[in-house]
Amino acid sequence: MTEQPETELLVIGGGSTGAGVAWDAARRGLRVTLVDRGDLATGTTGRFHGLLHSGGRYVVKDPDSARECASENRILRRIAADCIEDTGGFFVTTPIDDPAYADRFLAGCAVADMPVAEVPVSEALRQEPLLNPRISRAFAVEDAAIDAWKTVWACVRGAAAYGARILPYHEVLGIRVERDAVVGATLRNSLSGAEVEVRAQCIVNAAGAWTGQIAKMAGCHVGVVPGKGVMVAMNHRLVNTVVNRCTMPGDGDIIVPIRTVCVIGTTDVPVEDPDQIAPTQAEVAEMMEAGEALVPGFSRARALRTWAGARPLFPKGDASGKVQDTRDVTRSHSVIKHGQVDGVGHLISITGGKFTTFRLMAEDAVDAVCAELELDSACTTAEVPLPDSEGHHFYWLGARQESMEERVHDDAVICECELVTQGDLLSAAARRPEQQLDDLRRGLRLGMGPCQGGFCSYRAAGLLHHDNYYDRGQANQALGSFAQERWKGQQTVLWGQQLRQARLDTWIFQGILDLEHIPA
Amino acid sequence: MKTEVLVIGAGTAGLTAAVRLAQAGVKVVVVATGAGSLGLAPGTLDLLGYAPQVVEDPLGTLPEFVSDLPEHPYARVGVQHVRPALEWFQTAVADLGYQGDLERNRLLPTALGALRPSALVPESMAAGEVGPGTRILIASLRGFRDFFPQLVAANLAAASRGLDVRSLEVEWSGDPSDLAPQRLWRQLEQPGVRRLLAASLRSGLDGAAAVGLPAILGRDQSGDVRRDLEDQIGRPIFEIPTLPPSLPGLRLFDLLKGALRRAGGRLVLGESATGFKAGGGEVVAVTASQPPRVEEYQAGTFVLATGGVGAGGIEVTPARQAREPIFDLPLAGVPRDPQDWFGSDYFAEQPFDRAGVRVDRSMRPLDPDGEVIYNNLYVVGAELAGAQPWREKSGEGISVVTAVRAADAILEAAR
């Protein structure tokens with residue numbers, strides 16, 4: 001058992017909320033340690049569609065959440081420009097939507113202080129030629145596409161610059177409580193197996209859908225209900241603007257263009273275990289069918305992959321967490337001060353909320369921490385750009401191509417679908433040698449295009465072995481688990497061209513390389 | 001257009017059937033959407049590699065194998081037809097020098113360093129069967145991104161106790177686009193370039209008795225590039241098949257195309273067969289399109305060699321309806337509930353894997369009651385039900401054996 005140096009604030013959970021808390025607290029002068037059981041942004045943050053909400057989705061049903069989204073949208077565009085593609089958004093009344101909702105929508109936008117402009121249907125169709133030509137009304141809003149992985153890492157790099165310690169692959173095994181307050185936690189390094197003790201003056205539980213599980217370790221109850229949401233990524237951008245149905249929030253009513261693909265989502269089903277959320281064929285079929293209302297022909301387009309995320313739903317004022325319909329639970333967040341609620345001091349849980357409001361969630365959580373520690377300090381994160389966003393330039397789709405064109409004579413492309421080069425791979429590996437191939441995939445988007453890693457996973461494993469990041473066993477293992485992970489995501493979308501591609505990949509890996517008979 | 005036999009598909013199976021028929025004096029036209037699957041083929045002739053354990057004697061194992069799997073293409077053909085078919089094929093593509101013994105699989109290195117069992121291997125790969133006590137060198141050119149000699153060597157050493165394997169990365173100039181496979185193939189056809197490579201290999205030999213290189217040694221099938229390098233370094237060289245585009249597969253394609261042409265057959269690439277016309281219980285014509293033109297191919301006999309799921313010969317809709325798109329032939333081996341098609345373990349057998357067209361012993365498609373659907377239609381290769389070529393390592397064997405069987409059945413029917 002080893003010891004980590006004592007920290008002032010231990011943040012549990014390396015998703016958007018935890019990363020935001022680390023950034024905010026580190027800027028306020030706190031000594032911070034951030035832990036996650038896996039790599040950062042692998043929970044719900046890594047599994048949503050990437051929508052930076054304008055707030056339009058909630059203006060009628062959940063006005064508080066709408067107002068928060070509108071306000072945080074403006075702030076994130078200021079502080080995290082590099083992570084955001086300014087796609088804009090449309091809310092459209094399709095033939096299956098109640099036309100009366102549109103007026104309620106407009107009224108709600110005014111109340112939420114959310115910018116909106118009605119556009120002629122012809123203009124919406126000019127901008128988005130694949131949009132359903134039978135829409136009756138269209139409204140332009142400030143939706144955008146945000147790269148969650150990039151945002152989390154920007155917060156974390158910012159926090160580290162202020163001295164924060166970032167520990168991915170450290171699972172919390174237990175929380176130590178002494179004399180009515182938390183004093184620290186026991187962690188396990190999941191890569192080495194070693195157990196680590198860390199002493200902390202205060203703990204923020206930002207574990208998202210797993211908040212309840214963490215709180216239980218300190219003898220507290222937080223009734224978070226994981227709400228499963230299924231997404232399907234299509235093999236190209238059917239739309240370049242976020243498109244929403246102008247209706248009460250339902251299933252499969254948003255299509256988000258994100259990098260080289262677009263994603264349709266989502267469902268909302270309460271589940272017991274946020275780790276058991278594989279999409280079913282019925283759910284995938286539902287999403288494909290739902291897309292038809294916005295983009296006719298959607299159900300026949302090529303689906304790349306499907307996955308699910310678990311929203312952390314927390315019904316305000318109902319600590320029992322029993323809900324009939326998870327669509328009715330508010331999407332604004334809650335800060336729980338366990339000293340007051342459970343008699344366990346210096347433990348703060350922050351739950352509910354959405355990616356769009358992570359900065360505000362973090363601000364409220366760190367305010368609570370400072371109150372707990374009797375520190376006088378103010379949040380500054382709304383004014384300060386995150387690392388790499390200092391130039392205030394939005395991300396644009398051609399950025400990778402442009403950068404690659406400059407290097408084409410010196411640096412080989414190893415993933416043609418996503419334009420990842422050999423240099424990109426090796427510098428990413430050098431920065432964090434403990435990464436699994438799947439973590440590199442997330443960061444570089446290696447293998448996330450239409451071929452889903454058919455060729456590039458082999459090249460990546462070979463290169464990482466060549467440069468001594470992996471020994472023989474690790475390289476073989478990386479290739480095998482990459483293939484297995486990809487299969488999991490593809491299983492329920494194996495039809496048409498995607499099935500044909502999967503069969504081709506299988507022919508290469510098993511038929512030509514004989515991967516399954518590699519010596520152990 | 002009117003001909004005697006129309007073959008749909010220009011992969012191994014389609015071309016093999018066409019060559020067999022053309023050499024027997026039949027007028028044959030081959031029509032294909034793309035360039036065929038041979039660019040994906042490793043270039044070995046795999047009869048049966050795993051069942052599911054590694055098979056030492058493929059021909060000897062076949063009787064037991066087919067009695068366990070009566071729906072397998074080898075079972076439909078009949079084990080007695082396997083040897084004659086493969087021996088004929090060896091002579092049809094003699095320039096590639098396929099060698100081997102159908103009763104003894106050779107274990108050859110893959111581009112990952114596994115050992116894959118193959119029955120017949122082209123001369124360019126023959127020296128790759130190495131045993132303990134020999135030192136071999138696995139080499140490549142620095143910057144060639146589809147082959148990693150260190151990983152291959154490390155895995156080979158672990159696979160084969162007593163095998164002494166080293167790796168070598170030869171310094172090679174040129175920017176990444178120069179190292180694209182197709183450019184390397186051409187460059188190595190130049191003597192000056194070969195001299196540079198030979199010099200580096202010689203100085204890096206370190207006592208190796210044989211040298212393995214990725215399969216980039218010149219586009220043509222003559223083997224001259226390889227033999228010249230062997231002369232210069234004084235050691236046997238063997239090629240290791242790489243990710244597509246597979247050079248050994250393409251050489252086979254070139255040979256089969258040439259054999260077809262010399263025998264008077266015709267190959268039409270870029271035309272997609274989309275439908276057919278029937279009359280009197282027989283197929284009368286196949287319609288093919290190269291938009292905006294639609295062409296009708298009339299023939300007395302038709303061979304479907306469209307390659308199954310991986311090549312577009314079997315299509316699956318989002319609603320999970322599997323169909324054969326040209327003749328709408330019924331498919332066997334499709335689990336009724338789409339939920340059951342695929343399991344969660346990538347490396348396990350998937351229930352959908354063996355779906356395809358079921359045939360009689362002459363390779364004619366059968367309906368669910370076991371009746372022949374059209375007397376003059378034959379189905380061969382990966383389009384057939386009952387096999388898992390990528391797991392069994394039986395792809396080329398199935399293609400050749402079923403294609404020869406169909407061709408012979410057509411010739412018998414004509415007499």
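**Chain B: from the interface to a sheet and a helix**

Let's start with one contact: the side chains of Lys393(B) and Glu516(A) meet in a salt bridge, 3.1 Å from N to O. Here a salt bridge is a side-chain nitrogen of Lys or Arg within 4 Å of a carboxyl oxygen of Asp or Glu. The model is predicted, and local features need pLDDT of at least 70, while side-chain atom pairs count only at pLDDT 80 or more. Residues are numbered from 1 along each chain, and chains are lettered from A in the order in which they are written.

By the salt-bridge rule, five such pairs cross the interface of chain B and chain A. In this interface, 51 residues of chain B are in contact (heavy atoms within 4.5 Å) with 52 residues of chain A.

Now look inside chain B, where four strands form an open, parallel sheet in the order β8-β7-β9-β10. Its edge strands are β8 (164-170) and β10 (237-240), each pairing on one side only. Strands are DSSP runs of E with at least two residues, helices runs of H or I with at least four, and two strands pair if DSSP finds at least two bridges between them. Four bridges join β9(B) (residues 210-214) to β10(B), and Val211(B) has Ile237(B) as its bridge partner in β10(B).

Next comes helix α10(B), residues 247-262. Of its 16 residues, 12 are buried, so the helix is largely enclosed by the rest of the structure. Buried means under 20% relative accessible area, with a 1.4 Å probe and protein chains only. Among these buried residues are Leu247(B), Arg251(B) and Phe253(B). Just after the helix, Gly264(B) takes a positive phi of about 90°.

Definitions and conventions: Side-chain values use heavy atoms; hydrogens and water are left out. The expected span of a helix is 1.5 Å times one less than its number of residues. Buried means under 20% relative accessible area, exposed over 50%, partly exposed in between (1.4 Å probe, protein chains only).
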